[in-house]
Amino acid sequence: MSGIPSNERRRPDRAALVIAPVLFAIAALIWWDAGRLAEMSNYSRIGPATVPHVVAIGLALLAVWTGFEAWRGDFPEREPIEVKPVVFIVAGLAGQMLLLKTAGFSIATGALFALTAFGFGRRKLWISLPIGIAFSFVVYIIFGRFLQLSLPAGPLEHLFF
Amino acid sequence: MRAKPRLTEDTLLKHFFLASLIAGAMALPALAADYTIIAPAGPGGGWDQTARSLQTVLQDEKISGSVQVVNVPGAGGTIGLAQFASQNSGNPNALIVGGYVMVGAILTNQSPVTLNDVTPIARLTGEYEAIVVPAASPIQTMDDLVTALKADPGAVSWAGGSAGGTDHITAGLIAKAAGVDPTKINYVAYSGGGEALAAILGNQVTAGISGYGEFEAQVKAGTLRLIAISSAERVDGIDAPTIKEGGLDVVVENWRMVAAAPGLSAEQVTAINADIEKAANSDAWKDILKTKGWQNTYLAGDAFKEQLGKDIAATESILKDIGLVK
Amino acid sequence: MGTFEFLLQGVTIAAQPMNLLYALIGVTLGTAVGVLPGIGPALTVALLLPVTYKLDPAGSLIMFAGIYYGGMYGGSTTSILLNTPGESASVVTALEGNKMARAGRGGPALATAAIGSFVAGLIATLCLAFIAPFVVKFALSFGPREYFALMVLAFVTVSAAFGDSTLRGLTALFIGLGLAVIGIDQQTGQARLSFGIPDLLDGIEVTTLAVAMFAIGETLYVASQGDRIPDKVEAVKGSVWMSAQDWARSWKPWLRGTFIGFPIGAMPAGGADIASFLSYSTEKQFSSHKDEFGKGAIEGVAGPEAANNASAAGTLVPLLSLGLPTTATAAIMLAGFQQYGLQPGPLLFATNPQLVWGLIASLLIANFMLLVLNLPLIGLWVKLLTIPKPWLYAGILLFATLGTIGANPSVFELGMLLAFGLLGFAMRIFGYPIAPVVVGLILGPMAEQQLRRALAISQGDVSALFLSPIAAVLFVLAILAVVVPLILRARGKGEVLSQFAANED
C-alpha cells in the first residue's frame, strides 16, 4: 500500500486518518443536538441552533480536509511514545478523583503525587507516597485552613482538625 | 551538577516558609464544625456572601461553636441543592443557603430535586427588582413604558440577566399584566446586572431591569432614571413608585433563604429554627445587612412556607407563558 | 483641578516605610500564591483578601494592591518556565515564553515580562488617574454590534497563534468553538450539548480547560517522551539578563501592548485575554523577526504581558467610575473595596477622593515593589527548571488539581480536567496547537451572544451592524488584517512566511 505515486516518501498516516471520522462524529453530534432545540420566537432571527450548526459544518469540512492530508501523509512525523508512564499518571489523576471524597485531600493528592513521580521513574513508592501525603497535607493546612478554600477533608485531616 | 535532594528540600522549605508567613498573618481557631452551610454558588456571589455572613454571626454570637461554608456551584444552585438533599438526609447540622433564583432554575433545568426535598427554615433577606431607563430617555414613568410596550413590543428592548432568571420573569409578568403577549417581549439577556448596566448607560437598549442594588449608585448620581420598583409597598430610601401603583399587579422579591436537610424530627427543626431566629435578631446580623445594603425580610415558619408555595406556583405559570417551561 | 496634588498626597502616604513594607508583603504573598500553576489572579485575590482586613484602611489598601499585581505577575512565571498558564490571559505568554525558556532564555523572557508589566502598569495607572472619565465615555459607546465587530477582528487575527499548519490551527479553533456551545444558552435559557448532565449546564470553565490542556497535557507529553527529553533543562544559556538587543526588541511591544490593553480592559465586555490575543497578533505583524515567532520571539512575550497588565489597570476604570465589575477579579475586588468603606460608583471620585487617590497611589507603589521583588528573583525562578522532572511534574499536577478543587470541589470537574488533559496530550502528539482551543472557548460565546443581542436590538436588521462608525472601523481593520498579508505575499515578501510554514519545530 503506497501513497501518492508521485511522492514515494509519504504514505497514508493511519493514526492521523482516525482523526477524520472522530471530527466528523463530533460534527454529527453537535448537529443532532442542535436539532432538538426549540426555535422560540425572537427578534434577532438567530436562534440557539444557528451557531451550533455553523460549528458542525465547519468541523465536518475540517474532517474531510484532515482525511485528505492524512492520506497524503502530510502530518508531521511523530516520535514514538512510551505508553507506560502516561498510564501511571492517568491512574494517579483518576485515583485522586475517586479517593478525594472518602480519603480526603491529602491522601488522594499524595497518591497522585507518588504515581506521577513513579511514571517519571521514581519507583520507590514507600518514599514518594509519604512525601506526597506530607506535602499535600501542608498544602491543605495553608489553603484549606488558613485561606479557607473548601478542600475535602478525610481521616487524616479529621485527626488534626 | 547532582544536587537533587537538596533542591527538593529547598522547595519544601520555601513552602513551609509561606505557610508560617500566612499563619502569622491570620491565626484562625480550628474547632470541630457544628453547622456546615452549603453555598450553592462560587466564592464571592450573593449566596456565598449570605452563607459567610451567617457563618460569622453564628460563630460570633456563640450560637454555634464553629461553622464551615462549603461551595457547591453550578446550574442556578440546583447542583448544590441536589447534592445537599441526597447526602444529608436526617443530618441536623447541615444547612443550605438558597433563593428565588433557585425556584426558576429548578423549573427551567428540570431538576429532579426541588425545594420540596429540603426543609425550608427562614427567608433572611431580599432585594426588589428595579426598572430603569437612561437619563436621556423620553420615557418618564412606568405608564410611558407600558404605552410604548403596547404600541410595539419589539421596539422596547429590555436589558437584564440571563433568560429565565428573576429579571426575565419580572419583565414577563409586567407584559402579561399590561395585556401584552409575554412571548413577544424583546428581552436581551446579559451575563449579569453589571454588563446590562453598561448597555443601559450606553443607550443601547430602551429599559433595564435588575436588582435595585445594581443600579443604586447610578440612580443616585442621576445617570439612570428609576421608574418603578417591584415591592408591594414603597421602600424607605428608594424614591420610586411601585409597579403596583401604576395599576399592574406585579410584586417580585428576589429573596434569599436558609434551609435544612430533609428527614428531620420536629424537635430538630425547632432547634434549628431557634438558632436561625437568634442569629437573624442579633445586632451583628443587622449590622451586616446595613453594610451590604440588604433589606431585612426575615420570615420564618409556616408564613414562609406559604409564601414559598405561592412563589413557586406564580413562577411556574409565567415561565410557561414565556415559553421556557413546557 | 487638584488631581496632581491628590496623587502626590496619596503617594506620600503610600511611601511611608510601614506602608512600603505592607506593599512588599502583599506582592510577596500575591506572587507566591499566583505562581502556583492552576491558581490564577482571581483565585489569588479571593484567597488573600481576608489577610488585609486586619490592617488599617491605608495599609490594607496598599497590601491589597500588592496582592493584585503579584497575582497577575506570578501566573506568567509558570507559563513561561513550565508551559502551564493558570488563566486565559497568560495562554499567549506561554506560546513564545516557554519556547524561550527551553532554549535557555528563560531569564530574558521573565525580565521582559516583569519590566513590560511594570512599564504598562505605570502608564496605565497614570491613564486611570488622569483620563478615566474620557475612557469611560469611549467604553460605554461600545454596544453589542461594536463588540461583535471587535470579536470578528479578534477571530481574524487569531490565526497568528495557529503555528505551522492552517488545517490543524483551524481544527483546534473549531474544537474550542464546539466546547463553547456546551451549556445553557443565555438568550433562550435552553440547554445545549448537555445531555441531561446538570454539571454541564454552566458550560466548560475556561480555567479548567486551560489548566487541563496545558499543565496536564504537557505533563503527559513530557512523560511519554521518556529519556528523549533530558532530566534537567539547561536553565541559562548566555546571560540571565536581557541583552541590548533584547531591550531594543522589547520596548516598542511594551508600549503597543499598553495602548492595546488599557482601552480593551476598560470596556465592560473586553478583558485581559482579548487584549493579550490582539497584542500577540499585532507583534507578529510588526516584528522584523517574524521567522522567530513560534520558536521563542521575545516580542511575543513583551507585548502580551504589557497588554495583560495594562488591561488589569483598565478594568479599574469602569469599576471605580461606574461601579461595574467586568471580570471575576474585579468582582472580588469590589467586595474588597466595600470592606474599606469604598462604594464604587459615578460619585466616587467626588465624594471619596482620599481613598480613590490612595488606591491609585498604592497601585503605583505596588507596581514598583513588584519590579523590586521580581528582578532579583529571576535567577531563582529559572532554577525551577533544574528540579528533577519526577518532583517538578508531581508538584505541577498537585497545584493544577488544587486550583480546580478549590474553585469547585466536584468529582465531575476533576473528570473533565483528566479528559481535557488527555485531549491536550493527543493533540500534542499529532502536532495540533493548543492555544486556539482556549481562544475558541473564550471568543465563541462572546461573539455569538453579542451578535444575537445586536440583532435583537435592531429587530433582525443586519445592516444596523455596520451603521455604527466604531463597528465600521473595526470591520475595515478586520478586512485589512486578511488582505494585507495576501498582498505582501503576492509581492514576494511572503517567502519568509511560507518557508516558516514548511519547517517544523
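**Chain C: its contact with chain A and a nonpolar patch**

Me: How many residue pairs are in polar contact between chain C and chain A?
Reply: Six residue pairs, with both residues at pLDDT 80 or more. Keep in mind that this is a predicted model.

Me: And how many salt bridges between chain C and chain A?
Reply: Zero.

Me: Which part of chain C gives the most to the side that touches chain A?
Reply: That's α16(C), with 13 residues.

Me: How many residues does each chain put into the contact?
Reply: Chain C puts in 67 and chain A puts in 64. In chain C, the residues losing the most area to chain A are C:L167, C:W391 and C:F430, together 12% of what that side buries.

Me: How much area do chain C and chain A bury between them?
Reply: About 5,900 Å², and 78% of that is on carbon and sulfur atoms.

Me: Switching topic: which residues form the nonpolar patch on the surface?
Reply: C:F4, C:L8, C:L122, C:L126, C:F130, C:I131 and C:F134, with about 670 Å² of accessible area together. Two elements of chain C give two or more residues each: α1 (3–14) and α6 (106–140). The largest share, five residues, is from α6(C).

Me: Why does C:F130 count as partly exposed?
Reply: Because its relative accessibility is 37%, and partly exposed runs between the under 20% of buried and the over 50% of exposed. C:F130 sits in helix α6 of chain C.

Me: What's the secondary structure of chain C overall?
Reply: 20 helices and two strands. Of the 505 residues in chain C, 66% are buried.

Note on methods. Residues are numbered from 1 along each chain as its sequence is written. Chains are lettered from A and ligands numbered from 1 in the order in which they are written. This is a predicted model: local features need pLDDT of at least 70, side-chain atom pairs count only at pLDDT 80 or more; totals for chains, interfaces and linings use all residues. Side-chain values use heavy atoms; hydrogens and water are left out. Patches are made of residues with over 30% relative accessible area and no salt bridge: like charges are joined within 9 Å, nonpolar side chains (Val, Leu, Ile, Met, Phe, Trp, Tyr) within 5 Å. Accessible areas come from the Shrake-Rupley method with a 1.4 Å probe; for residues, only the protein chains shown count as cover. A salt bridge is a side-chain nitrogen of Lys or Arg within 4 Å of a carboxyl oxygen of Asp or Glu. Helices (H or I, at least four residues) and strands (E, at least two) are DSSP runs, numbered from the N terminus. Buried means under 20% relative accessible area, exposed over 50%, partly exposed in between (1.4 Å probe, protein chains only). Contact means heavy atoms within 4.5 Å. Buried area is the accessible area (1.4 Å probe) that two parts lose on being put together, summed over both. A polar contact is a pair of N or O atoms within 3.5 Å; within protein, one must be able to donate a hydrogen and the other to accept it, and residues adjacent in sequence count only if both atoms are side-chain atoms.
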